[in-house]
Amino acid sequence: MAEKKQRKKKPTLKDQISGLNSQVNDEKDKFLRLFAEFENYRKRTAKERLELFKTASQELMTALLPIADDMDRALSELKKNGNDENLQGFELIYSKFNGILKTKGLTQIDVKIGDKFDSENHEAITQIKADKEDKKGTVVDVVEKGYKLGEKVIRYPKVVVAI
């Protein structure tokens with residue numbers, strides 16, 4: 001018996017070209033996927049960096065909120081006493097302090113007596129019985145103001161609700 005040696009067929013030029021085209025297409029696909037991943041990473045880190053800058057001062061602002069509350073109480077007491085010189089000096093300091101907080105992105109959450117209570121935007125610290133039916137579920141008193149830093153709430157307004 002004669003054994004036939006099988007020879008490997010030498011690839012034709014056409015086969016070589018199609019193989020190389022296939023490799024090039026695979027490499028292009030890998031490159032495009034890697035580029036897309038990099039773009040997503042770049043966008044995500046830029047967004048995170050922007051958020052970090054917006055809220056970097058949150059800890060400081062939170063620490064300053066009790067001072068802002070004390071200044072509000074002091075201003076209302078000075079207005080009651082009627083000492084115009086002290087009132088003018090304190091109003092100047094008060095407006096500068098609030099102006100600086102506003103330039104750093106701190107805004108007060110607007111809540112008025114009579115507003116409808118919303119558990120998403122208010123923190124109820126107590127409830128009292130409503131004297132009229134139409135006052136049920138409304139804000140009766142604002143005990144502590146709420147604040148936002150940018151779009152993030154750093155302290156919800158504390159309110160008394162009529163039930």
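Here is a quick tour of the cores, ring pairs, salt bridges and one loop residue in this structure. Keep in mind that the model is predicted. The largest nonpolar core has 15 residues, and a second, separate core has five. On the polar side, the count comes to 11 salt bridges, and there are two aromatic pairs. Helix α1, spanning residues 13–55, comes up several times below.

**The nonpolar cores**

- Start with the 15-residue core, the largest one: M61, F90, L106, Y147 and I154 are the residues with the most contacts inside it.
- Three elements each give two or more residues to this core, namely α2 (58–81), α3 (84–103) and β4 (146–149).
- Which of them gives the largest share? That would be α2, with six residues.
- M61 reaches several parts of the chain: setting aside residues up to four places away in sequence, M61 touches L101, K104, L106, L149 and I154.
- The second core stands separate and has five residues, among them I109, V111, V139 and V161.

**Aromatic pairs**

- A pair of aromatic rings is described by how far apart the centres are and by the angle of the planes.
- By that sort of description, two pairs turn up here. In one, the ring centres of F31 and F35 are 6.2 Å apart with the planes at 25 degrees, so the pair counts as stacked.
- F31 and F35 sit about one helical turn from each other, because they are four residues apart in helix α1.
- Are these two rings buried or exposed? F31 is exposed, at 53% relative accessible area, while F35 is partly exposed at 44%.
- The other pair is F90 with Y94, also stacked, at 6.4 Å centre to centre and with 25 degrees between the planes.
- F90 and Y94 are four residues apart in helix α3, so about one helical turn separates them.
- Here both partners are tucked away: F90 is buried, with a relative accessible area of 18%, and Y94 is buried too, at 17%. F90 is also one of the residues with the most contacts inside the largest core.

**A nonpolar patch on α1**

- F31 and F35 have a further role, as they join L32 in making a nonpolar surface patch of about 340 Å².
- L32 lies in helix α1 and counts as exposed because its relative accessible area, 54%, is over the 50% cut-off.

**Salt bridges**

- Side chains of opposite charge can pair when their charged atoms come close.
- In helix α1, D29 and R33 meet through their side chains in a salt bridge of 3.1 Å, N to O. The two are four residues apart, about one turn of the helix.
- D29 is partly exposed, with 37% relative accessible area, whereas R33 is exposed at 54%.
- Helix α1 also holds E39 and R42, three residues apart and again about one turn of the helix. Their salt bridge has its closest N and O atoms 2.7 Å apart, and R42 counts as partly exposed at 41% relative accessibility.
- Which distant parts of the chain does the R155–D69 pair link? R155 is in strand β5 (residues 152–155) and D69 is in helix α2, with their positions 86 residues apart.
- The closest N and O atoms of R155 and D69 are 2.9 Å apart, and both residues are buried.
- This pair belongs to a network: salt bridges with shared partners join D69, E144, R155 and K158.

**The loop residue N121**

- N121 is found in the loop between β1 (106–109) and β2 (123–128).
- At 41% relative accessible area, N121 is partly exposed.
- What does N121 contact, leaving aside neighbours within four places in sequence? Its contacts are Y156 and P157.
- N121 and G146 are 25 residues apart along the chain, and their C-alpha atoms are separated by 9.1 Å.

Definitions and conventions. Residues are numbered from 1 along each chain as its sequence is written. This is a predicted model: local features need pLDDT of at least 70, side-chain atom pairs count only at pLDDT 80 or more; totals for chains, interfaces and linings use all residues. Side-chain values use heavy atoms; hydrogens and water are left out. Patches are made of residues with over 30% relative accessible area and no salt bridge: like charges are joined within 9 Å, nonpolar side chains (Val, Leu, Ile, Met, Phe, Trp, Tyr) within 5 Å. Accessible areas come from the Shrake-Rupley method with a 1.4 Å probe; for residues, only the protein chains shown count as cover. A salt bridge is a side-chain nitrogen of Lys or Arg within 4 Å of a carboxyl oxygen of Asp or Glu. Buried means under 20% relative accessible area, exposed over 50%, partly exposed in between (1.4 Å probe, protein chains only). A nonpolar core is a set of buried Ala, Val, Leu, Ile, Met, Phe, Trp, Tyr and Cys residues joined through side-chain atoms within 4.5 Å. Contact means heavy atoms within 4.5 Å. Rings of Phe, Tyr and Trp (its six-membered ring) pair if their centres lie within 6.5 Å; planes under 30 degrees apart count as stacked, over 60 as edge-to-face and the rest as tilted.
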